[in-house]
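Q: I've got a new structure on screen and would like a quick tour. Let's start with the ground rules.

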Amino acid sequence: MKNYTIGWLPGDGIGVDVMEATRIVLDKLGLNAQYLHGDIGWECWRKEGDAFPQRTIDLLGRVDAAMFGAITSKPVKAAEAELEPALRGTGLVYRSPIVRMRQMFDLYICLRPCKAYAGNPLNFKENIDLVVFRENTEDLYAGVEFHPVPQELSATLSRLSKPFAPFKDLTPDEYAVSCKINTKKSSERIARAAFAFAKKAGRKKVTVVHKANVVRATDGLFFDEAKKVAKDYPEIALDDANVDAICMWLLKNPFNYEVLVAPNLYGDIISDLAAQMVGGLGFGCSGNIGTKLAVFEPSHGSAPKYAGQYKVNPIATILAAKMMLDWLGETAMGTRLEEATAEVIREGKVRTYDMGGNHTTLGMARAIGERL
């Protein structure tokens, strides 16, 4: 077996707890790996003014893959208020380190499987098994935002856009602008990733999620590129749905969907909804995947009030480790890990608090480890 170098980024809050649990199962599995700690998150921001310091960026440039726990994010003013006094008022602006990471390393695929494991008391319905492909680098997460709005931007929008007329006389601090940017390149490649996955996994349909009937320019471009890609996969059915409608249809007819592909914001929304149908964010694993690097994480946040209590469910992070193993080519190990996790869920003897039990984060990990 290859000796891997794995970036290990616990982050904040319960990220530390669930990553500790995940090391238990990876060590029991016998993955031949060196784990390199990376600093990231709220304490880095508070003390250094940078939630994603250069040393961690450098680390990610030399690893085979990385595991990431969770980070705390707060609005701009609240974030500045928590900086060390010497750093306040120096022009530092907080931005999510995971969003920066995705863009910096071109981790353009956010892959989020949503699978209902038998015996999970939190399942909405049994046998749900769908996958969300979320474009991971642009859309409303591009970070091109203005508040207050520069006068030159207001003047340009007034000149170029008739629908901007109701806003043209507002003062700069009376409104804000966030730019939704979708490109042909990124829309095409996330759609292609979804269709390629469907073909390889034997799935018959890909559903494109958009709002092109209202957001005509950006979502229209996204949908058009997906339709072009679909022509290269005649054996895969192309379906589409507006983002608001899909939230209803997923709940009503979850078995009608196999693979969903969406721009960044919509993908974030529908993957959380889908995760809730298979047990909640404690089961929501996620992969940020590029051509040279992939970073795997639970899709939940840092839940600071539970930090260090070891109450939360580590299965999302453990299943993210399974995704990492698959990406590294260690598919047999990944299968073993998933089967052990599924067995613990099915037996129902070990359950964390969210599942109606009283076992700890580490207790769940040890139970899974015993079956490896």
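A: Contact here means heavy atoms within 4.5 Å. Helices (H or I, at least four residues) and strands (E, at least two) are DSSP runs, numbered from the N terminus. The model is predicted, with local features needing pLDDT of at least 70 and side-chain atom pairs pLDDT 80 or more, while totals for chains, interfaces and linings use all residues. Residues count from 1 along each chain as its sequence is written, and side-chain values use heavy atoms, leaving out hydrogens and water.

Q: Cool. Which residues of α11 meet α12?

A: On the α11 side you have I315, I318, L319, A321, K322, L325 and D326. Across from them in α12 sit T331, M333, G334, L337, E338, T341 and I345. Sorted by class, that contact has eight nonpolar, three polar and three charged residues. Ala, Val, Leu, Ile, Met, Phe, Trp, Tyr, Cys and Pro count as nonpolar, Asp, Glu, Lys and Arg as charged, and the others, Gly among them, as polar.

Q: And at what angle do α11 and α12 pack?

A: About 160°, with the axes 7 Å apart. Axes are lines fitted to C-alpha atoms, for helices over the stretch in contact, and angles run from 0 to 180 degrees between N-to-C directions. The two helices are therefore roughly antiparallel (over 145 degrees; under 35 is roughly parallel, 65 to 115 roughly perpendicular, the rest oblique).

Q: Switching to pockets: how much space lies in the largest pocket?

A: About 890 Å³. A pocket is an open set of points on a 1 Å grid over the protein atoms alone where a 1.4 Å probe fits, with protein on both sides within 12 Å along at least five of seven lines; lining residues have an atom within 4 Å of a point. Points are joined across faces, edges and corners, and the volume is the space filled by probe spheres set on them.

Q: So which residues lie nearest the centre of the largest pocket?

A: L111, P113, F197, K322 and D326, out of 30 lining residues. Elements giving two or more residues to that lining include β4 (109-115), β5 (129-135), α7 (184-201), α11 (315-328) and α12 (331-347). K322 and D326 also turn up in the α11 contact with α12. The lining splits into 21 nonpolar, two polar and seven charged residues.

Q: What about the second largest pocket, which residues line its centre most closely?

A: V76, V93, Y94, R95 and E145 lie nearest the centre, among 19 lining residues. α4 (76-81), β6 (145-146) and β7 (177-178) each give two or more residues to the lining. Its volume is about 570 Å³, and its classes are ten nonpolar, five polar and four charged.

Q: Back to α7, then. What angle does it make with α8?

A: About 45°, with the axes of α7 and α8 (residues 218-230) 8 Å apart. That makes α7 oblique to α8. Residues in touch include I190, A191 and F195 in α7 and L221, F222 and V229 in α8.

Q: Backbone next. Which peptide bond is cis?

A: The one from H147 to P148, with omega near 0°. P148 is in the loop between β6 and α6 (151-160). D106 is another spot to look at: its phi is near 50°, a positive value in a residue other than glycine. D106 sits in the loop between α5 (97-104) and β4. Most residues other than glycine have a negative phi, and most peptide bonds are trans.
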